[in-house]
Amino acid sequence: MSLVIAEQVRKVYRTGETEVEALKGVSFQINAGSFVSFVGPSGSGKTTLLNLIGCLDAPSAGTLTVADTNVASLNRTTGAAFRGQQIGFIFQDFNLLPVLSVFENIEYPLLMVKKTAEPERHKRVRELLAAVGMADQAHKRPDQISGGQKQRVAVARALVTNPKLVLADEPTANLDHETAFMVINLMKQMRDQFGTTFVFSTHDPRIVGEAEVIHHLEDGILKGSELKGGVA
Amino acid sequence: MNNVIKIAIRNLLRYKRRTALTATLVTLGVVFVLVFTAVSSSFKDMMISQITDSMMGHLQIHRKGYVAAIESLPLNMNIKPNGFEKLEAILTQHKGIAAYSPRIKFGGMFSNFMETTNIRLNGVDPQKEFATVPLLPERVVSGAKTLNRGEILVPELLARGMNVKVGDTIVIVATNQSGSVNGKQFRVNGILESASGPGGRDGYVHFDDAVELLRMEQPEISEIAVRLTSFNSLTKLSKQLSAALGTETNTLGKPMFELHSWEDLSPFAKIAKMLNLMTIFIKAMLIAIVLISIMNVMIMAVFERIREIGTIAAIGTPPATIRALFLVEGLCLGLFGAVVGNLVGIGIILIVNLSKLTFSFGQQTGLVLQAAIAPSDIIMVSLIVVVVSVLATLQPALKASKMEPIEALRHV
């Protein structure tokens, strides 16, 4: 069953009178529960595509459906609500809120977005803290933990609302090789544990092979897709 | 909402020095307004009290046109006995009038048998006059604080100039309405301290002596000074009395009487209005201080946290919640400034009162400053600060809530 369906998706950015076509008619499908990566050099359109799938932007042309919702139909408020319910985000720079502790950062989407009741909220946060191995760091602030730990917290925050899809834009770009592998393995482990679909972008050849489905992007065009062990 | 407040407070505390500076600025603004309002309103109230309670009364009633010619104290514009009866009937009907005093105002020649000078005099019933202007006896700097027939209270400067002391005999010569001149001997019973404002350098004689001196067949009065039970009801009672007086017309159908409040007759009213205006100006400055300082700090906060705004927007925080996060930050700054400012302001007012600071007003010296702030003023200043804080935060908060997450996340 396809969670994401893209049909001839185009994205054009306009700066003054200059037009830049970041995506030139991209079509693909992402199945629920899969572990997918978009690979390509800088400027290939990876981030643009992830932004579109994440309902942070709308395509200029074509159709993009995420969890049976046409991304183009969402406005600022409904888009926020949709993201809060269906999508989790992991950022390259971790983007944890510095005024909140590790526990509170993970709790934030349940508290401020889903408005989950406290007992259920705390139970879920503790579950995620244990899952990402950060239970003993729960009360530390982001500036008191390492980059790898921050990304583990970010993974937990992305998963805490039990979303159908987690998007990670270059999640290992700011991490050393060992930590990068650890984070990718954690994401895979979370997919196995919670059945969440993971989509991430990378241009790091060491990480690419960890994905089960790899889509190759170049100059805004999908050059090809491969399943681990064969062409998709 | 508690979570929004918690996050807002933590965001304020992440830049402690900046928050402290802004809060201090707001606090200082509140303190300045409170202390200025307390001191200026106390000064104003004391001055008004000096003017109304020592000579003018709160209201004065004259025959129509008298006030326009008051400098010449025209006897031909006095109120006839039947007019006075009508006025008494009106005054006794109105609740809220504590006392009233009919006066005969006239000019005369004051002689100590060696020298002669001019004097303005009030012929008064001492019981009614002291009830209407209770601080008048306090102005007697030497002699008795009473006034009986054959006695005169002489203004201080005139007594000094004419070398007159308590117990001396003097002669007052006055011309009556028909032009005949009459003289009468008086014993100086007291020396009156001069007061600022109209009538502050007048002498006082007994009402019946004035009637006799002016050879009035029946007493005709120049004015009635009125004292109200509560000064705060001045405007309301003025309107009621004006309406009642308006029904009394002469044969031509024109109003017989005119009513003036102390504000209409005393130049100090303009100073009082200026003080009110300055208070408004100071409050406007407070608004500017709060507006600029909080808006500045909140614009900075939004600019510094663009990526954070992008993050929370991306993970699904509704725009209204993002807006609330910033509004509550501004509100907390304003509330803190208002609360601390009120406490410090009240403290300074207490210190001012304990210091027993004195000041002079006109001829009066050694008046002790009793600064006081009304609870309504504290509430008003606090409301101004809180409302302006929220208004100052509105623009940055709206900007944050309208930010496109994708652009905010790209911000470096």
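This is a short tour of chain B, from its overall form through one group of strands to the helix ends and the contact with chain A.

The structure is a predicted model, in which local features need pLDDT of at least 70 and side-chain atom pairs count only at pLDDT 80 or more, while totals for chains, interfaces and linings use all residues. Residues are numbered from 1 along each chain as its sequence is written, and chains are lettered from A and ligands numbered from 1 in the order in which they are written.

Select chain B first and align the view with its principal axes, along which the C-alpha atoms fill a box of roughly 100 × 50 × 30 Å. The radius of gyration of chain B is 31 Å, whereas a compact globule of 412 residues would have one near 22 Å (taken over C-alpha atoms, with the globule rule being 2.2 Å times the number of residues to the power 0.38). Colouring by secondary structure shows 13 helices and twelve strands in chain B, where helices (H or I, at least four residues) and strands (E, at least two) are DSSP runs numbered from the N terminus.

Next, select β7(B), residues 181–192, and add its partners one at a time; two strands pair if DSSP finds at least two bridges between them.

- β4(B), residues 140–143, pairs with β7(B) in the antiparallel sense over three bridges, and Val140(B) has Leu192(B) as its bridge partner.
- β5(B), residues 151–155, runs in the parallel sense with β7(B) over five bridges, with Glu151(B) bridged to Arg187(B).
- β6(B), residues 169–175, is antiparallel to β7(B) over seven bridges, and Ile172(B) is bridged to Lys184(B).

Between β6(B) and β7(B), the hairpin has five residues, and Gly179(B) takes a positive phi near 95 degrees there.

Now move to α11(B), whose 37 residues reach 54 Å from first C-alpha to last, close to the 54 Å expected at 1.5 Å a residue (the expected span is 1.5 Å times one less than the number of residues). Just after α11(B) comes Lys356(B), which has a positive phi near 50 degrees.

Finally, show both chains and select the contact, which takes 18 residues from chain B and 19 residues from chain A; two residues are in contact if their C-beta atoms, placed from the backbone, lie within 7 Å. On the side of chain B, the elements giving two or more residues are α1 (2–14), α10 (306–314), α11 (319–355) and α13 (405–410).
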